[in-house]
Structure formats: C-alpha cells, structure tokens
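Colleague: I am learning to read the pockets and cavities of a protein model. Please take me through them step by step.

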Amino acid sequence: MRVVTWNVNGLRTLENLPSVLKHDLQDPDICCFQEIKLSRSQVDSEIGKMENYYSFFNFSRSKFGYSGVATYIRKSLCPTSVSLCESTLDKDLEGRSLMTYFKLTDGTTLALLNLYVPCGYQSEDPEKFAKKLQFLECLSNVTADLISCGCHVIVTGDLNVKSVIADSAEAFENRLKSKFVREWESSQDVIAFNNLLRGSLTDSFRYLNKAATNSYTCWNTGLNARVNNFGTRIDYVLVSHSLKGNLVSCGHLASVIGSDHCPVKCELEGLDLIGSEVVPPECSLHFPELRGKQTSLLSHLTKQSKMPPEAGKEVQGNRRKRQPKQTKLPFKVTKISPRKSVPASQKLNPSNGNTEASFCPSSVKVNEPTRKVVSAKSLLKGLPPNPLCSGHRRPCVIKTVMKEGDNKGRRFYGCQLPIGPKGDSNSKCGHFEWLK
C-alpha cells in the first residue's frame with residue numbers, strides 16, 4: 001500500500017490533478033493533502049469527482065480560503081467511515097484534521113489521520129505556539145485511545161515540528177554549539193512531539209533512514225532556500241508500533257515542485273484492506289452540486305407567478321405609461337437672462353468722457369518670462385547604484401523588513417544569492433546595510 005502526504009499550499013494551483021496523482025505522485029493508494037485553501041463552493045468535478053479516487057474534505061469554516069485538508073482514496077479501498085475530529089483535534093473549525101477508518105482482512109481496523117498542525121514559535125507568537133502544543137497533546141491522547149482499542153494507526157501530514165537536529169539545516173549547522181543544542185532540546189513542541197514518538201508512534205522515515213542528513217521537505221521560498229537545499233523536515237508519515245514490521249520504504253519526492261513543501265511517500269506491505277461497499281456520506285461524490293441536483297438560491301427567493309400568460313399580456317397592455325418623476329430641489333431656481341449687448345456709443349471712448357471700462361486681457365500685453373525646459377532626469381536623480389556585498393562583491397538587492405517590531409517596513413541591502421550552508425560560495429553572505 002502506497003501512502004503519500006503533501007502540503008500542497010493551494011489545491012487549485014495544481015493543473016490536471018488526476019495526472020499529478022498518477023505521474024508526479026507515483027499513483028498512490030491514499031494521498032493526503034494539507035493546506036488546500038478551498039471552500040466547498042470551489043470544489044468542481046475535476047477535484048471532487050475523480051474516476052479512480054474517492055475524495056474527502058475538511059474545509060476551514062472559521063476563515064475563508066485558509067488551511068483545510070483532503071484525503072484521496074482509491075475506490076477499491078473505500079473506507080468504512082470518516083470523522084472530521086471536530087470535538088478533539090479541530091475544535092477551532094480550521095479544517096486541520098480528517099480521519100478515515102478501514103477494515104482489514106484479519107478483522108482489525110486501520111485509522112488514518114490526515115493532519116495540518118498549527119505553526120507557531122514561542123519567541124514570535126506565544127498564542128499560536130500554545131495552540132500548537134494543545135494540538136500535539138490532543139493528538140497524543142487520540143492515538144493512545146485508538147491503539148488501546150486495538151486499532152492500527154497511520155498519522156500523515158504537515159506536523160510543523162522538527163524531531164531531531166538533523167531535521168533542520170540551520171540547527172545542523174549549529175549542532176556543535178552547546179547553547180543552541182540546549183535551547184533546541186528544551187523547546188516544548190520538540191519535547192511533546194518526541195514524547196509522542198516514544199509513546200505510541202514511529203517516525204517511518206527516521207526508522208528506515210536513521211543516519212540520513214540533508215533530507216528536508218520544506219524550504220523558505222522568500223529566501224530561495226530550495227536551490228541550496230537549506231530547509232527543514234516537518235512532513236511525516238507516522239505509524240503505530242504494530243505496523244513497524246510492515247514498513248518497506250519512506251522517502252521524499254523532492255523533484256516534485258508546485259509548493260514550498262515536497263511530497264513524502266511511504267510504502268507498506270502485508271496490509272490487506274477490505275473496501276467498503278457503501279461510500280461514506282462525507283465523500284464529495286454525494287455533494288448535490290457535483291451530482292447536478294443543486295438548486296440555485298434564487299429559485300427559493302423568487303415568487304413564481306400563477307397568473308395565466310394571456311391574462312398577463314392583457315394587464316400589461318392596459319397599463320398606463322408612467323411619467324418620469326421630477327425631482328424637487330430644496331432651493332428656488334432663478335432664471336438668468338442673457339447678457340445684453342452694450343451699445344457702441346457706451347463703449348470706452350475718451351472723447352465722450354467715458355473712461356470707465358472692465359479690464360480686457362486682449363488689450364494689454366504682458367511680458368511673460370521665458371520658460372526653460374527642464375529634463376525629468378535632472379529633477380529625479382533616483383537611487384544610487386546598489387552597493388556590492390562584502391562576501392561575493394556582487395550587487396546587493398533591496399529587501400524589506402516584514403517582522404513585527406520598530407523596524408518593520410524599513411528597507412535594506414542584502415546579498416542576492418539564496419540562503420545555504422555557511423562557507424558555501426553559492427550561499428548568501430551576511431551583508432547587511434540599511435537603505436538611506
């Protein structure tokens with residue numbers, strides 16, 4: 001059984017989803033997408049009514065076009081039931097969880113969770129970080145309850161946490177600094193996640209690739225970090241300890257582009273799933289708008305006329321034409337009579353003593369100053385050429401501070417190369433200079 005998970009950063013950005021599933025994602029049996037950024041009204045036939053897959057969605061109902069997860073399952077492996085986990089993992093209705101249940105030939109049950117864990121760091125946003133810790137704690141309780149009931153469990157998705165130092169390029173560079181390592185190991189989200197792994201779940205990638213380094217699933221697109229593979233591993237396929245013996249392979253499809261994340265593919269053997277004959281009601285196949293039975297809202301609001309068509313024509317013919325309504329102004333309008341022409345005898349003539357007249361511009365010549373044509377370049381000199389960075393002697397680029405604080409919005413000069421390992425000539429240097 002092939003399982004793929006991918007934070008797609010907008011499902012509608014993928015062109016020809018059936019082709020992506022078959023070729024780019026190597027024809028998985030189950031595919032879990034995160035951050036689909038969809039509302040139900042945006043699900044069309046291409047996304048929600050595919051030939052080979054049943055699709056299940058959990059849309060964000062608290063923010064439009066935010067978060068959301070979707071699970072695509074091969075029709076021959078139709079699940080028995082589906083849960084959105086609204087009472088446990090998705091209390092905020094942000095579309096962060098989706099659980100599907102399957103029956104196995106040995107009579108046991110497999111529960112597959114598709115998750116998008118909240119992102120947050122203690123130093124940047126304590127409120128989001130608290131939600132993240134709460135989510136991880138709830139996940140630990142849910143998986144423990146499932147396993148205690150005899151279920152096999154697979155947890156997939158963007159879990160937004162790095163388990164070990166090798167899962168972060170920045171942390172791996174600073175692995176010899178004792179202070180950095182202590183801060184890393186004492187981080188509450190790392191502790192909570194590793195407790196989850198020690199308790200009931202196994203990280204399939206790290207279990208099969210214990211010494212792997214430079215294996216990442218997410219890169220900062222603002223810093224162009226994917227060019228030098230300077231990223232993090234925050235996308236996982238976790239399995240309950242009962243499935244460790246079924247793991248065959250787990251790797252990253254780093255060549256697949258289209259998001260700041262890459263897909264993770266995991267293959268298991270010896271899991272014989274029994275497809276349900278009844279498709280769960282949560283499946284998009286049952287959406288009325290995809291079945292052609294959705295009535296428009298206008299048809300419910302518009303009153304249907306019961307009058308015979310001939311009677312309607314008669315009434316229409318006897319109606320008087322309405323005269324246009326004249327708008328009453330709040331003030332009195334006085335008609336202005338046209339100006340009377342002045343007789344020639346009353347015009348300005350010094351001989352008859354009439355020396356008073358209005359100023360006539362045409363009778364006076366004004367010596368206007370000569371205007372000089374000034375070029376725009378002399379007025380707008382523009383910015384001076386960008387300085388050269390100290391590390392590579394290449395022209396810098398102008399960047400803007402986006403982080404909250406006193407300097408937010410200020411611009412500065414920085415190296416034009418992408419971020420990468422220190423000492424690498426293809427990685428950006430530490431040049432920094434405020435734009436004056």
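Colleague: How many residues of each kind line the second largest pocket: nonpolar, polar and charged?

Modeller: Ala, Val, Leu, Ile, Met, Phe, Trp, Tyr, Cys and Pro count as nonpolar, Asp, Glu, Lys and Arg as charged, and the others, Gly among them, as polar. Here the lining has six charged, four nonpolar and two polar residues. Among them are Asp90, Lys91, Asp92, Glu94 and Phe135. This is a predicted model, where local features need pLDDT of at least 70, side-chain atom pairs count only at pLDDT 80 or more, and totals for chains, interfaces and linings use all residues. Residues are numbered from 1 along each chain as its sequence is written, and side-chain values use heavy atoms, without hydrogens and water.

Colleague: What volume does that pocket have?

Modeller: A pocket is an open set of points on a 1 Å grid over the protein atoms alone, with protein on both sides within 12 Å along at least five of seven lines; lining residues have an atom within 4 Å of a point. This one has about 210 Å³.

Colleague: And how many cavities of 30 Å³ or more are there?

Modeller: In a cavity, a 1.4 Å probe fits but cannot get out. The whole structure has one of 30 Å³ or more, and the largest cavity has a volume of about 40 Å³. Its lining includes Lys49, Met50, Lys75 and Cys283, and divides into five nonpolar, three polar and two charged residues.

Colleague: Which strand gives the most to that lining?

Modeller: Strands are DSSP runs of E, at least two residues, numbered from the N terminus. Strand 3 (residues 53–58) gives the most, with three residues.

Technical notes
Grid points are joined across faces, edges and corners, and a volume is the space filled by probe spheres set on the points. Helices (H or I, at least four residues) and strands (E, at least two) are DSSP runs, numbered from the N terminus.
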